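Colleague: I'm new to reading protein models. Could you walk me through this one, question by question?

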Amino acid sequence: MDKTYGSTVFNFVRYDENNGWRELGGKLIDDISIVHSETYRTYFNYDATAQKYMMSMYNGSKRTREQTIDENNGQQLGFENVIVAFADISKYPYPGGGAYDPNYQKVDLSYGGLGYYFSNGRMEQIRWFKGGASEPLRFTDMDENPLVLNCGKSYIGFVDLDEYERFEYAGPEEEIVEEEIDNTQADAGEVEFE
């Protein structure tokens, strides 16, 4: 609580440069599917008019996908930036002791890992780093230069490495891309993306 930072945690495009936007170098992506578990799934669909990724989630009781609605205004949640970061996530004992509670998960942020940055209908592969508890979360490009995010609302989702093979994304008129990863290489930070 006493650490002083010289800047914000994230590097954003200056609002007075190109209207706060930069064109990502990756391919066009308008559908993102994130599986956190059998019953917890998040989806984003790019709305080019709004220039946002619109969020929906899986409703297990109805076995359907439903829009995620902002309770403050009754509108579907939309994000200019979507970051999906992969980490080792494991069961964490209930703080008061006793049996395992599925609502408590231990996310290993100490090492860092790989991920994806989606914005303005495009995707870039990225890296993330955290270090110790007092260190800020950092996102970089694959060459470890600081990641520059577009201005706007951001969604950051940490996903278990065990769910990486079920992570999917697709561009316009394109087949869904299913990523595959060797978890042992991911833990060592040696994974190369296509």
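**A strand under cover**

Modeller: Sure, and keep in mind that this is a predicted model. Let's start with β9, which is mostly covered: seven of its seven residues are buried.

Colleague: Which residues of β9 are on one side and which on the other, and are they buried or exposed?

Modeller: In a regular strand, side chains take turns pointing to the two faces of the sheet. In β9, one side holds Gly113, Gly115, Tyr117 and Ser119, while the other has Leu114, Tyr116 and Phe118. Both faces are covered, so to answer you with the general alternation in mind, the word for these residues is buried.

Colleague: What does β9 pair with, and how many bridges join the two?

Modeller: Look at Tyr116 to get your bearings: it stands opposite Gln125 in β10. The two strands form a hairpin with two residues between them. They run antiparallel, and the partner and count you want are β10 and seven bridges.

Colleague: What is the phi of Asn120, and is it positive or negative?

Modeller: Asn120 sits in the loop between β9 and β10 (122-129). With 18% relative accessibility against a limit of 20%, Asn120 counts as buried. It is a residue other than glycine, and its phi is positive, near 50°.

Colleague: And Gln51, is that one buried, exposed or partly exposed?

Modeller: Gln51 also has a positive phi, about 55°, although it is not a glycine. You'll find Gln51 in the loop between β3 and β4. Its relative accessibility is 34%, and the partly exposed range runs between 20% and 50%, so Gln51 counts as partly exposed.

**The cores**

Colleague: Which residues touch the most other members of the largest nonpolar core?

Modeller: That core has 21 residues. The ones that touch the most other members are Ile32, Phe44, Val82, Phe118 and Phe167.

Colleague: Which strand gives the largest share of this core?

Modeller: Several strands supply at least two residues each: β2 (31-35), β3 (41-47), β4 (52-59), β7 (81-93), β9 (113-119) and β13 (154-160). The largest share is three residues, and it comes from β7.

Colleague: How many residues are in the other core?

Modeller: Another core lies apart from that one. Its members include Leu24, Ile83, Ile126 and Leu137. The size you asked for is 11 residues.

Colleague: Which residues does Phe44 touch?

Modeller: We leave out residues up to four places away in sequence. Phe44 is one of the core residues that touch the most other members. Its contacts are Asp30, Asp31, Ile32, Ile34, Tyr53, Met54, Met55, Phe79, Val82 and Tyr155.

**A strand with two partners**

Colleague: Why is β2 largely enclosed by the rest of the structure?

Modeller: Count its residues one by one and check how covered each is. The reason β2 is largely enclosed is that, of its five residues, the number that are buried is four.

Colleague: Which residues stand opposite Asp31?

Modeller: β2 pairs with β3 in the antiparallel sense over five bridges, and a hairpin of five residues joins the two. β2 also pairs with β14 (residues 168-170), again antiparallel, over three bridges. So there are two places to look, and they give Asn45 in β3 and Ala170 in β14.**Charged pairs**

Colleague: How far apart in sequence are the parts that Glu124 and Arg22 tie together?

Modeller: Glu124 forms a salt bridge with Arg22, and the closest N and O atoms are 3.0 Å apart. Glu124 lies in strand β10 and Arg22 in the loop between β1 (11-12) and β2, so the pair ties together parts whose separation in sequence is 102 residues.

Colleague: Is Glu23 buried, exposed or partly exposed?

Modeller: Glu23 meets Arg122 in a salt bridge (2.8 Å, N to O). This pair links distant parts of the chain, 99 residues apart. Arg122 is partly exposed, with a relative accessible area of 23%. Glu23 has 52% relative accessibility, and the limit is over 50%, so Glu23 counts as exposed.

Colleague: Which residues do salt bridges with shared partners join into one network?

Modeller: One of the pairs is Glu17 with Arg14, at 3.4 Å between the closest N and O atoms. The network is made of Arg14, Asp16 and Glu17.

How values were computed
Residues numbered from 1 in each chain as written. Predicted model: local features only at pLDDT ≥ 70, side-chain atom pairs only at ≥ 80, totals over all residues. Heavy atoms only, no water. Core = buried A, V, L, I, M, F, W, Y, C linked by side-chain atoms within 4.5 Å. Buried < 20%, exposed > 50% of the residue type's maximum accessible area, 1.4 Å probe, protein only. Contact = heavy atoms within 4.5 Å. Pairing = 2+ DSSP bridges. Salt bridge = Lys/Arg side-chain N within 4 Å of Asp/Glu carboxyl O.
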